[in-house]
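Let's walk through this structure together, one piece at a time. Keep the view open beside the text and turn it as we go.

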Amino acid sequence: MNTEQLNFNDIFKSNFLDKVTSFSMLDTAVALGLAFVLGLYIFMVYKKTFKGVMYSASFGVSLLSMTLITTLIIMAISSNVILSLGMVGALSIVRFRSAIKEPIDIAFLFWAISSGIVLGAGLIPLAVFGSLFIGVIMLVFVNKKSTDNPYILVIKCDGDDSENAAMQYIQSSVKKHIVKSKTVAAGSGVELTVEIRLKDMSTKFVNEISAITGVNSAVLVSYNGEYLS
């Protein structure tokens, strides 16, 4: 009866050690290093082009980490078909509930993910030059100042006479206007909500409207098209 001697290497007959030895530390270091640089570049572009009121540093850091994580995942699944199928199945059940406040944030998210995918696939020149080009486009167009921003003007009047006088003055003072809503309440007068486009970015006409007889108040606010239908 023959007995086989079991040694340490026989324990790992599943090729686990072969996968470990085939792992390239240099390739991983280069890919993650480039992913960090590109993620940092995306983060800086996001910071330079941010137009909101409340800046979220955590979102900027998430762009950096998302580039790194995506690169790592693509490097893992690109060398193993079985692992790639399992990863697709695992990611298909993930649901993200975080609300996107600005539409431009979606572009930055896709930019970070795309950079990680391209880097993980080994297409380094495409990732570098593509990210540089996208960054320049973002800086040029997002930071481009517009003189045609919409505003909402809310006017409270006593009656028809003051309403007509205010509307005539608005028509002569702004480039474009459209009535968004009108509220009439007994004993409270008339409340008008008007979307306007300024001629020369001057808001002095608001003071003059509030001085019209019968106009109780005039409020001008910035408008992004989301809080009124």
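In this predicted model, one side of helix 7 carries the exposed residues D160, D161, Q168 and Q171. Which residues of helix 7 are buried? They are S162, E163, A166, M167, I170 and S173. If you look down the axis of helix 7, these buried residues fall within an arc of 135°, so they line one face of the helix. A general point helps here: an α-helix has 3.6 residues a turn, so residues three or four places apart point the same way. The length of helix 7 also fits expectation, because 14 residues at 1.5 Å a residue should span 20 Å, and the end C-alpha atoms are 20 Å apart.

What do the buried residues of helix 7 pack against? Their partners are strand 1, strand 2, strand 3, helix 8 and strand 4. It is worth pausing at E163, which sits in helix 7. Is E163 buried or exposed? Its relative accessibility is 10%, and buried means under 20%, so E163 counts as buried. Setting aside neighbours within four places in sequence, E163 is in contact with C157, K182, V190 and L192. Two of those contacts, K182 and L192, are themselves bridge partners, with L192 lying in strand 3.

That brings us to the strands. Four of them form an open sheet in the order 2-3-1-4, with antiparallel pairing. Strand 2 and strand 4 stand at the edges and each has a single partner strand, so one side of each is left without a neighbour in the sheet. From one strand to the next, the twist averages 15°. As background, strands of a sheet pair through backbone hydrogen bonds, either parallel or antiparallel.

Now follow the pairings one by one. Strand 2, residues 176-185, runs antiparallel to strand 3 over nine bridges. These two strands form a hairpin with three residues between them, and G187 in the turn has a positive phi of about 85°. Strand 3 also pairs with strand 1, again in the antiparallel sense, over eight bridges. Within that pairing, Y151 has I196 of strand 3 as its bridge partner.

The helix and the sheet come together in the largest nonpolar core, which has 19 residues. Which of its members touch the most others? They are L153, I155, I170, I196, F205, I209 and V215. Strand 1 (150-157), helix 7 (160-173), strand 3 (189-197), helix 8 (204-210) and strand 4 (215-222) each supply at least two residues of this core. I209 makes a good landmark: leaving out residues up to four places away in sequence, I209 touches L153, I155, A166, Y169, I170, V215 and A218.

There is a second, separate core of 10 residues, and F59, F108, L109 and M138 are among them. M138 leads us to helix 6, where the buried residues are A127, S131, G135 and M138. Seen down the axis of helix 6, these buried residues fall within an arc of 65°, so they too line one face of their helix. What covers them includes helix 2 (25-49) and helix 5. On the other side of helix 6, the exposed residues are P125, L126, F129, F133 and F141. Helix 6 has 19 residues, which at 1.5 Å a residue should span 27 Å; its end C-alpha atoms are 26 Å apart, which agrees.

Just before helix 6 you will find A121, in the loop between helix 5 (103-120) and helix 6 (124-142). With a relative accessible area of 48%, A121 is partly exposed. The C-alpha atoms of A121 and T71 are separated by 8.0 Å, although these residues are 50 residues apart along the chain.

Finally, step back to the whole chain. Its secondary structure comes to eight helices and four strands, and along the sequence they follow the pattern α-α-α-α-α-α-β-α-β-β-α-β. Of the 229 residues in the chain, 27% are buried. Among contacts with a separation of 6 or more, 71% are between residues 24 or more positions apart.

Note on methods. Residues numbered from 1 in each chain as written. Predicted model: local features only at pLDDT ≥ 70, side-chain atom pairs only at ≥ 80, totals over all residues. Heavy atoms only, no water. Core = buried A, V, L, I, M, F, W, Y, C linked by side-chain atoms within 4.5 Å. Buried < 20%, exposed > 50% of the residue type's maximum accessible area, 1.4 Å probe, protein only. Contact = heavy atoms within 4.5 Å. Pairing = 2+ DSSP bridges. Axes fitted to C-alpha atoms, helices over the stretch in contact; angles between N-to-C directions. Expected span 1.5 Å × (residues − 1). Arc of directions from axis to C-beta.
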